[in-house]
Amino acid sequence: MAYSDKIIDHYNNPRNVGSLDKAANNVGTGLVGAPECGDVMKLQIQVDDAGMITDAKFKTFGCGSAIASSSLATEWLKGKSLDEAIALKNTAIVEELNLPPIKIHCSVLAEDAIKAAIKDYMEKNNLAVPAELTAHH
Amino acid sequence: MTVKTPIYMDNHATTRTDPRVVEAMLPYFTETFGNAASRNHAFGWAAEEGVENARAIIAKSINADPKEVVFTSGSTEANNLAIKGIAEMYAEKGNHIITCVTEHKAVIDPCKKLERNGCNVTWLPVQKNGLIDLDQLKDSMTDKTILVSIMHANNEIGVIQPIDQIGKLCEERGITFHTDATQSVGKIPVDVQKQNVHLLSLSAHKLYGPKGVGILYVRRRKPRVRVTPILDGGGHERGMRSGTLNVTGIVGMGKALEICMEEMPTETVRLRGLRDYLRNKLTSNMTDVYENGDPVHKLPHSLNISFAFVEGESLLMGINDVAVSSGSACTSASLEPSYVLKSLGLGDELAHSSIRFGLGRFNTKEEVDYVADKLIGTVGRLREMSPLYEMHKEGIDLAKVEWAHH
């Protein structure tokens, strides 16, 4: 399969690989996927008092498209408010990376990872979790 | 020493046609271009001579009689002819077939089709090392069993099934034994007499010959085996396979096998040395790498390894100037990981993390070093990026994690 230049760029130079302290109150962690399905994403956000995402990190087990989707997601998350982050859709990732139909599930997983991380942060901080974060793909 | 890229190390998929083979084929396109079935002129005679020379070489390579060689378009056709041909020819004797879950699709799918049409098929499982259990095979045989079809060497993991013993068991019970020897002939010794093989499939393009030509060996004596043809027409190949013979392909296949048989003693040693070197380099420079399939009963040029915590397709992306295959779902059209690796009881995640190396005649030690070094670097980089590796290092048992299934 031929990859788009953007996927290759993210694969070769992934942005924001790493981990934040998952025990910290201002960090939300999302872990989605399963090893037997061939994709696992861990996405973390760090949120300031104003509800802005100041940092985002990821680690991904998966194909190049999965790595690129999560790398791109962390790039986009930084500087966004939680509400803006919740509104991020997988279709935007598909468009940006030019994902072929067979790889769309990678973008869905990235969206799930974002939502799971935000949900984790909100639960930790006793915030009301909006309904769209509890719905699963 | 620098190597020329891309490097081809996927010789289970196909092989480069040896230039000596191409040279032998060339006159048969433009000069000796006759139809081997034209009995009334020199063009036909010359083509027939080319075909019969090749037939003799091919027969000799598996210790068969030339009359037992039926030319086909390749192993897929040979497997279909063997399985469907036996089922139809011996329908009155029985309707039970025994095969194995790790067979190539060209054996599995014909068996499935027969199953839909009323045959009983026993699908033997394999042990952790990829080999069938002979007692289980013996226990599966009934008075209605008309065919046992077990491959010689596996195309994904390279393990060599004990066909000597399988042949013996079949002989004792008077059951026809077919083996798909596509990966083994020309690489390791095969002897249809000694090994009691009745039907054997083989393809030229796996042994440095051209694509689109192969044979089905059909035993003529002790016992005489007959198959109902799939193709009806001019009655070529003693009525078992109609269709004008692929003279150029057949000549190429003969030359290819001649070279394989001549070079086998030295080439086996060389390739085993390279393979063991690759295995050793990978396993001694990385943790958590697992070899798939029995390490001893294995083709000398085969190696299949799972690199835990990294996914196969992303690994291939990191070594994109090297041609190898992965059992990862992402590299298959079906999005299912390799059924062969799954049948070893590996767990899907290790199937997703596997790479198949197929060394061949044109590979060098420098290439092996290049591939190994690049892989070690890529696995290291991807593990640093892998949440599974991080969890593993934290001491978390990944098998006990409740994953959010998609």
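This report describes a sheet in chain B of a predicted model and the helices packed around that sheet.

## The sheet

Chain B holds an open sheet of 4 strands, paired antiparallel in the order β9-β10-β13-β12. The edge positions belong to β9 (289-291) and β12 (325-326) of chain B; each has a single partner strand, so one side of each is left without a neighbour in the sheet.

Strand β10 (residues 302-307) of chain B runs antiparallel to strand β13 (residues 354-358) of chain B, and 5 bridges join them. Within this pairing, Ile305(B) has Ile355(B) in β13(B) as its bridge partner.

## Helices on the sheet

Helix α8 (residues 247-285) of chain B packs on the sheet and touches β9, β10 and β13 of chain B. The direction of α8(B) makes about 10 degrees with that of β10(B).

Helix α12 (residues 365-384) of chain B also lies across β9, β10 and β13 of chain B. The angle of α12(B) to β10(B) is about 15 degrees.

## The contact of α3 with α8

Two packed helices are described by the angle between their axes and the distance between the axes. For helix α3 (residues 42-61) of chain B and α8(B), the angle is about 35 degrees and the axes are 8 Å apart. Their crossing is left-handed.

On the α3(B) side, the contact residues include Ala47(B), Gly50(B), Val51(B), Ala54(B) and Ile57(B). Those they meet in α8(B) include Val247(B), Ile250(B), Met253(B), Leu257(B), Glu258(B) and Met261(B). By class, the residues of the contact of α3(B) with α8(B) divide into 11 nonpolar, 3 polar and 1 charged.

Note on methods. Residues are numbered from 1 along each chain as its sequence is written. Chains are lettered from A and ligands numbered from 1 in the order in which they are written. This is a predicted model: local features need pLDDT of at least 70, side-chain atom pairs count only at pLDDT 80 or more; totals for chains, interfaces and linings use all residues. Side-chain values use heavy atoms; hydrogens and water are left out. Two strands pair if DSSP finds at least two bridges between them. Helices (H or I, at least four residues) and strands (E, at least two) are DSSP runs, numbered from the N terminus. Contact means heavy atoms within 4.5 Å. Axes are lines fitted to C-alpha atoms, for helices over the stretch in contact, and angles run from 0 to 180 degrees between N-to-C directions. A crossing is left-handed if the near helix is turned anticlockwise from the far one by less than a right angle, and right-handed if clockwise. Ala, Val, Leu, Ile, Met, Phe, Trp, Tyr, Cys and Pro count as nonpolar, Asp, Glu, Lys and Arg as charged, and the others, Gly among them, as polar.
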